[in-house]
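Me: I'd like to learn how to read a structure like this one, feature by feature. Could you walk me through it?

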Amino acid sequence: MQLLTAVVTIFNEQERDLFSWKAQSQLLALGFNEQQFDIPVMSLSGGQQNLMLIARALLLEPDLLLLDEPGNHMDILAMTKLQHFLHTDCRCAFMIISHDQHLLNNVCNKSVFLRDGSAQAYDLPFQPAKIQLEQHDEHALKRLNAEQKEISRLRATAKRLAILGRENDNVKLSRKAKSIEKRVVKLDENKTQLSKKSNLKLQLDSLSLPAKQLLSIYDCPVKSPDGRKALLTIEQLIIKPGDRIALLGVNGVGKSSTLETLLRAFEQQFSDSTSKHANITFNPRTKLGYYDQELIELNLPISRIEWLRKHTKASEEQIKNTMIKAGIGYLEFSREVDKLSGGEKSRMMFLAFALNTPNLMILDEPTNHIDLDGKAQLTEQLMHSGAALLITSHDRYFLQGIATRWLWIKEGSVQEINSADLFYQQLLQSSNSRNTTATAQSNISTLIDDEDKILKWIEMLEQKITDDKEQKIKWQKVECQKEWQNEINRLWSQITQEKDQSL
């Protein structure tokens with residue numbers, strides 16, 4: 001099924017032809033172009049498919065749009081389009097679940113944290129709301145400490161009175177002791193409860209290699225996975241111990257292919273094969289950790305502990321201790337890895353890194369399946385591991401927290417830049433120039449070329465206004481009524497202009 005066809009199926013068969021222009025307009029507003037309308041849905045990237053689903057939902061003109069991880073599988077360009085649309089062009093209220101902190105900070109004005117079986121809401125974007133939540137937790141800890149101190153004091157008093165009552169055969173003191181003990185029980189039952197944090201922990205004890213360089217690359221071509229197309233050329237790149245490098249670029253420029261090229265070169269250099277990559281040389285003491293964004297290595301029907309035995313050289317005791325420290329109980333050791341969630345699979349990969357202690361990690365979209373708390377843990381561990389890092393990620397906040405060097409794949413070459421600001425600014429400018437509502441609306445006249453369709457659309461808009469005005473005032477969509485009337489006026493103007501031109 002083609003992109004446009006998949007979107008218009010949100011309407012019934014009688015309406016699809018009439019509303020095709022509206023579907024095209026919505027796709028244009030989300031960053032697609034007319035040449036992409038005939039692309040099969042299966043050929044779209046994961047991010048483009050998410051944008052397509054958003055377009056389908058918006059065609060129903062909802063009052064509330066629910067978005068469950070809309071940024072999953074989106075590259076940086078698609079994320080920029082999504083952010084621009086939600087921040088600037090989206091006309092309905094929306095509620096979003098996302099692990100992308102940069103997205104939440106830029107499109108949301110309210111934040112709700114679900115934990116401990118309750119919801120805590122703040123009229124703030126994510127970051128300031130998270131600060132208030134942490135302050136709430138700090139105050140709760142102080143209250144708990146004060147309550148524990150008072151409980152301890154009362155218990156000591158009750159014990160002392162009980163002893164005095166027995167020794168002196170004093171009924172009043174014994175009763176007083178029992179009264180205080182009841183008070184202690186009540187205080188203990190109603191004391192402040194602290195939030196139960198996730199018991200899953202990341203721990204990376206990688207070793208920094210004392211050497212001048214880990215990896216050198218000279219005049220290295222990078223080709224597409226099938227080997228037919230040249231994507232880029234790396235003229236010169238030296239990676240030193242402790243470097244934390246972010247690899248930037250829009251989808252399709254060759255980021256993942258570059259990482260896979262390095263992986264193949266490493267395997268060739270350290271295998272028994274006589275064939276070595278002429279343009280890529282690793283330090284002989286390099287220990288490589290490779291994170292595949294598809295997590296293909298975990299699509300196996302074997303237990304967690306068996307998977308770690310297969311992918312590490314650690315002892316049985318080391319494997320079990322590492323799993324327990326990561327919050328995995330004994331009963332979970334036998335759970336098959338192909339049945340794990342994306343986040344649990346990600347943690348298995350980093351458990352293998354913790355056991356193998358690599359001094360060079362190549363990470364392809366490592367945060368796709370990790371929640372916000374997990375990202376914070378991962379960021380801290382990667383920064384303090386001492387390992388050199390080469391990372392691709394669409395998560396701008398994550399990269400900014402880790403990277404010390406920035407490489408930009410642009411126009412078939414790799415350029416080192418001082419910061420990522422230039423790259424993101426260019427993306428934002430590109431997105432703004434293509435994704436404005438005005439641009440999409442200016443194309444509508446070319447999308448509706450049949451006068452009968454225009455008249456039917458005018459009739460339907462007039463009916464929507466009439467139906468809306470028949471509701472109670474508090475339920476009416478006043479702003480929508482204005483937009484519908486403006487659209488009616490514009491369509492009548494289009495018909496008038498066409499008739500004048502024909503005369």
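Me: Which residues of helix 3 are buried?

Reply: In this predicted model, the buried residues of helix 3 are S20, W21, K22, A23, Q24, S25, Q26, L27, L28 and A29. That is ten of the ten residues in the helix (20-29), so helix 3 is largely enclosed by the rest of the structure. Just after helix 3, G31 takes a positive phi of about 105 degrees.

Me: There is a lysine in that list. What does K22 form a salt bridge with?

Reply: The general idea is that side chains of opposite charge can pair when their charged atoms come close. Here K22 pairs with E61, and their closest N and O atoms are 2.9 Å apart. K22 sits in helix 3 and E61 in the loop between helix 4 (46-58) and strand 1 (64-68), so the pair ties together parts that are 39 residues apart in sequence. K22 counts as buried at 14% relative accessibility, while E61, at 26%, counts as partly exposed.

Me: How many salt bridges does a search of the whole structure find?

Reply: The search finds 16. One of them joins E416 and R405, with 2.8 Å between the closest N and O atoms. This pair links distant parts of the chain, as E416 belongs to strand 13 (413-417) and R405 to strand 12 (405-410), eleven residues apart. R405 is buried, with a relative accessible area of 15%, and E416 is partly exposed at 47%. Salt bridges that share partners also join R304, E332, R335 and E344 into one network.

Me: R304 brings me to helix 10. Why do its buried residues line one face of the helix?

Reply: Start with the geometry: an α-helix has 3.6 residues a turn, so residues three or four places apart point the same way. In helix 10 (304-311), the buried residues are R304, I305, W307 and L308. Seen down the helix axis, these buried residues fall within an arc of 160 degrees, so they line one face. Their cover includes helix 11 (316-325) and helix 12 (342-356).

Me: And the loop before helix 10: is D292 buried or exposed?

Reply: D292, in the loop between strand 9 (288-291) and helix 10, is buried yet has no salt bridge. The nearest side chain of opposite charge, K345, is 10 Å away. A polar atom of the D292 side chain does lie 3.2 Å from the backbone nitrogen of I296. Leaving aside residues up to four places away in sequence, D292 touches M349 and D364.

Note on methods: Residues are numbered from 1 along each chain as its sequence is written. This is a predicted model: local features need pLDDT of at least 70, side-chain atom pairs count only at pLDDT 80 or more; totals for chains, interfaces and linings use all residues. Side-chain values use heavy atoms; hydrogens and water are left out. Buried means under 20% relative accessible area, exposed over 50%, partly exposed in between (1.4 Å probe, protein chains only). Helices (H or I, at least four residues) and strands (E, at least two) are DSSP runs, numbered from the N terminus. The arc is that of the directions from the helix axis to the C-beta atoms. Contact means heavy atoms within 4.5 Å. Lys and Arg count as positive and Asp and Glu as negative; His and the chain ends are not counted. A salt bridge is a side-chain nitrogen of Lys or Arg within 4 Å of a carboxyl oxygen of Asp or Glu. A polar contact is a pair of N or O atoms within 3.5 Å; within protein, one must be able to donate a hydrogen and the other to accept it, and residues adjacent in sequence count only if both atoms are side-chain atoms.
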